Amino acid sequence: MLLIKLSLRNLLRQKRRNLLLGSAMAIGVAILITANAFSHGISDIMFNKVMRYVTGHVAVRFNERGGVMREIFRDRERAWAAVKGEPVIKDADESIGMFSRAIGNGKSDNIMMVGVKLKKDISAADLKELEESFRMSEGKWQDLERADAENPAIISEDKARYLNVNRNDTIRVRFRNMFGQDQAARLTVVGISRNDNIFMQSVVFVELGRAKELLGFRPWETGNITLNIKDPQKNARALADRIHERYKPGTAVIYASAAGRPVTVIGFRSDDASKEKIRGLAKLSSGTFDKAFRKDGVILPAALAGRLGVAAGGKIKLSYPRKFEAGPKDASLTVAAVCAAGCPGPDVVLLNDAGFYDYYYEDMPAAPGPGMKPYLPEGPWAGLAAPEWILLRRTYTTDDYKKKYQDISKNKWKGTTIDISTMYETASDILKLESVLNIITISAVVVLFFIILLGVVNTLRMTIRERTREIGTVRAIGMQRADVRDMFLLETFFLTLFSALAGLLLGFAVMRGLALLTFHPEDNPLGMLLVNGHLYFLPTFTGIAGSVLLIIAIAVVTAWFPARRAANFSPAQALGHFT
Amino acid sequence: MNIIEISALRKDYSLGSTVVPALRGVDLTVAEGDFMSIIGPSGSGKTTLLNVIGCIDYATAGSVKVGGREITALSDRQITDIRLNKIGFIFQTFNLIPVLDVIENIEFPLLLMKRSAAEARRRADQLIEEVGLKEHAAHRPAELSGGQRQRVAIARALVTNPDIVLADEPTANLDSVTGASILELMRRMNELEHTTFIFSTHDANVLKYARRIVKIKDGLLEKEPAAA
C-alpha cells in the first residue's frame, strides 16, 4: 500500500511530462484497439453476416456430375441422416440458391434467388439476429408464405430501387433448373429488406419449397445442407470431420432383372487409368473395348450373354425397382462387348459410369430385395467399380480448398461429388486478411510504441536523476532496493494503465465517430467492409485486454532497467547527488 | 555499555586513478545514550564517519560494530535492515519526502517496518506532538519553514525508537535561533527517549549542547576536548 501510495503521488509530480507521455500511449492504445476492432469487424461481417447465411458454419455441398448449377443430392433421407445426432448443431437448413436474371420495371439485373425456410420454432435470439441482418423496411418475413401472391419474394432495398419495383409489383426471372433447362417465372415482391452487407444486396428470398419447385427438385431430393452450430470456432472443424466420415460411399449397384433373371449392374470407372486396367483384366469374346468405353457402353459376361442369347451389337432389356417411385425403371441397352473371362461375375453387367449414373441418379434403384445379398465387387474390380458418389477430401485452408475444386474440373468426375467444408476454410482468406490487417496495425503500433518507450525510458531517467537524493533518503531510512525498484515500476505501471484506459475511451469514441460516417460504395468492392453504408467495428474483450496488457507489459519491461539502476544506487552516493 | 565500537577504520574514495583517504585509521567508542558531537572543518571526514556508522557507506578497512554487531561484512539487505531498525537520520537539508504530508513522513519508517497503519499513526501522533507540529500534520514539507522541516526530520528519525540518531550538520541550514531550538529539541529527545545522538557540526555555538565532543581533522580523530 505504501509503495502504491508513493507511486500514485509521484505520478502527479511531473504533471505535464506524464500527461504528454500518457497522451502518446493513449493514442497508441486507441489506434490498436480501433484497428483490431475494424479487422475483427471485417471477419464478423464475412463470417456471421454473409458466410453464415450463404454456407452456414459447416456446409455439405452436392455437385451432380461436375455441374456447378446442379447442387442436388437424389436421396434426401440418406443425406440428412449423416448430420443427425450432433448436439452442437443449432440449425440444419437446406440451402437452395440460383443465379437468375431479374427483369423489373424497365430494368434488369442479376440476382441470387435463395430459398428460406420459415421455421415456426425459431428462437427469439435467432429471429433477432436475422432481423438485425435483414431488417424489413416493408412487409414481413411471414409474407413469403402468402397464398394469394404468385411466388412471393423479398427483395433488398437497393435491388428494388435498381429494378424500379415496389411492394406487390411483379418481377420476371430467368434461370436454369436442375435439369439444365432455361426457365422463366414471375415473382411477387411481398417485402423489401435492408440488408446489412453489399454481398447480401443481390439476394432475393423465396420460400424454400417454392424455390425447390421452381428448380425442379423432387420431394426425395435435397439441395446443399448448411449447418449453424454452437461455438463454431471450436466445433466446426471437428464436426465437419465427423460428418465427412459418415459420407464414405459404397459401390453404386443397380439390382435389376433381365428376361426374368436377376442381374447386378455396376458402373465401371471411365478414366484413362481405369480403362487401361480393364483392358488388362477383361478378355472379350466379342465386341471391342473402344465401343465398350463409350458413354452407353455395356459389357456383358459371356455366361449371361449366352443365357440371354445376345452377342455384341445385340440389345438387352433391364428392369429394376426404384427407391422413391412406384413401378420399375425399364432400360434397353446395346451390348458393346461380351466378356469371356476376367470380369466381376457371371451375372454382373458393366456399364460405363457416365451412362450408369444417368440411370442411378435419375431413377435411384431400390435396395436389394429380401434374401438378396448386397453385391460387393472383389479383387481389382473393387477399385474399378463406380462409387455411389465421390467424397471430396477434407481441406483446411482456402488454398487447399481452391486446389480441390480445380481438381474437380480437371477430373471431370461422372458421379455426384460431396464436399464437407467449414466457413473457415472456404473463407480462410478472410482470416488471413484479418491477420494481415492486424500485422500491419501491430507493426505501425510497434513503431509508435517504440517511440513511446523511448519516452518512458527518458522520462524515467529524468525522474530518477531528479529524485536521486530522495532515493538516497529512502534507502538511508531503510527502504530495500527491491522496494525502490518496485516504486518506479509501479509508477510506470499506473501511468501506462491510466493511459491505456484513456486510450480505450478514446478508441471507443473514435469507433463511434467513424461508425457515424455514411459511405455510398455502390458497386465498389470496398462495400464489403461496410454494414448499411457504415464502417463496422467489433471490439473484442481479447483484443482490448491484449492491447492493454501489451502496452503495460512493454512499458514495465522497459522501465525495469532504469528502475533497477535507481535501486542499485549507494545511499551515500545518492544523498550526495546534486541536481 | 558501548553502542558503537570502531577500530582502525579507513575509508578511501577513488577519484579516477587517484585514491583519496577520507578516514585514515579511526578508533572510536560511543556509549549508549550519549549526546556526542563530531566537529571539524569541511573535508575533515565528519560526514564520512557518520555515513559509515550509519551503514550508508562501507568502510575500506577496519572494524565497525553497531550494537555489538560487526557491520562491515553484512549484505545490503542486512545493512538496510540495521538502518531501518537501529538508526535514525537527520540530514542537513532535511530530506523529507515531498509527496507525503508531515504525519506521513513521520510514520514512513514504521510502514517500511510493516507495522500496522494504526500503530504507525499512533506513534507518529505521539512524536508530532513532542516536536510541536501537531497543527501542521496535514501539511506538505514545501509548506513548512526550515525549522519545522527539521523538527519533522527529528520526529521521523525517532519514530522507530532507534538505538542511534545520526545528524549531519542539523543546524547548518537554519538561522541561529531555530538552530538552537533544534538542538534543544534533540537534547530533550535524547533525555526523553534515551537515544544515542551523534551529530556533526563545524558551528562552535553547537558545542555547548554536546556532552562529548570528538574532533576530527584530515581523517583522524584528535584528542577529545572536555564536554560542555
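Mentor: Two residues are in contact if their C-beta atoms, placed from the backbone, lie within 7 Å. Keep in mind that this is a predicted model.

Trainee: How many residues does each chain bring to the contact?

Mentor: Chain B brings 16 residues and chain A brings 17 residues.

Trainee: Which elements of chain B give two or more residues to the side that touches chain A?

Mentor: They are helix H2 (76-86) and helix H3 (102-112) of chain B. H2(B) has the largest share, 5 residues.

Trainee: What makes residues on that side of chain B nonpolar, polar or charged?

Mentor: Residue type decides. Asp, Glu, Lys and Arg count as charged. By residue type, that side of chain B divides into 9 nonpolar, 3 polar and 4 charged.

Trainee: What share of chain B counts as buried?

Mentor: The figure is 48% of its 228 residues. A buried residue has 20 or more other C-beta atoms within 10 Å of its own, so that 48% meets this cut-off.

Trainee: Why is the set with A:Val204, B:Ile154 and B:Ile198 called a nonpolar core?

Mentor: A nonpolar core needs buried residues of the listed types, joined through C-beta atoms within 7 Å. The largest such set has 174 residues, and those three have the most contacts inside it. Helix H2 (residues 15-54) of chain A gives the largest share, 14 residues.

Trainee: Which residues does B:Ile198 contact, leaving aside neighbours within four places in sequence?

Mentor: Among them are B:Val30, B:Met36, B:Leu50 and B:Ile164.

Trainee: How many residues has the other core, which lies apart?

Mentor: That core has 44 residues, including A:Ile254 and A:Cys343.

Methods. Residues are numbered from 1 along each chain as its sequence is written. Chains are lettered from A and ligands numbered from 1 in the order in which they are written. This is a predicted model: local features need pLDDT of at least 70, side-chain atom pairs count only at pLDDT 80 or more; totals for chains, interfaces and linings use all residues. Helices (H or I, at least four residues) and strands (E, at least two) are DSSP runs, numbered from the N terminus. A residue is buried if 20 or more other C-beta atoms lie within 10 Å of its own, exposed if 12 or fewer, and partly exposed in between; C-beta atoms are placed from the backbone.
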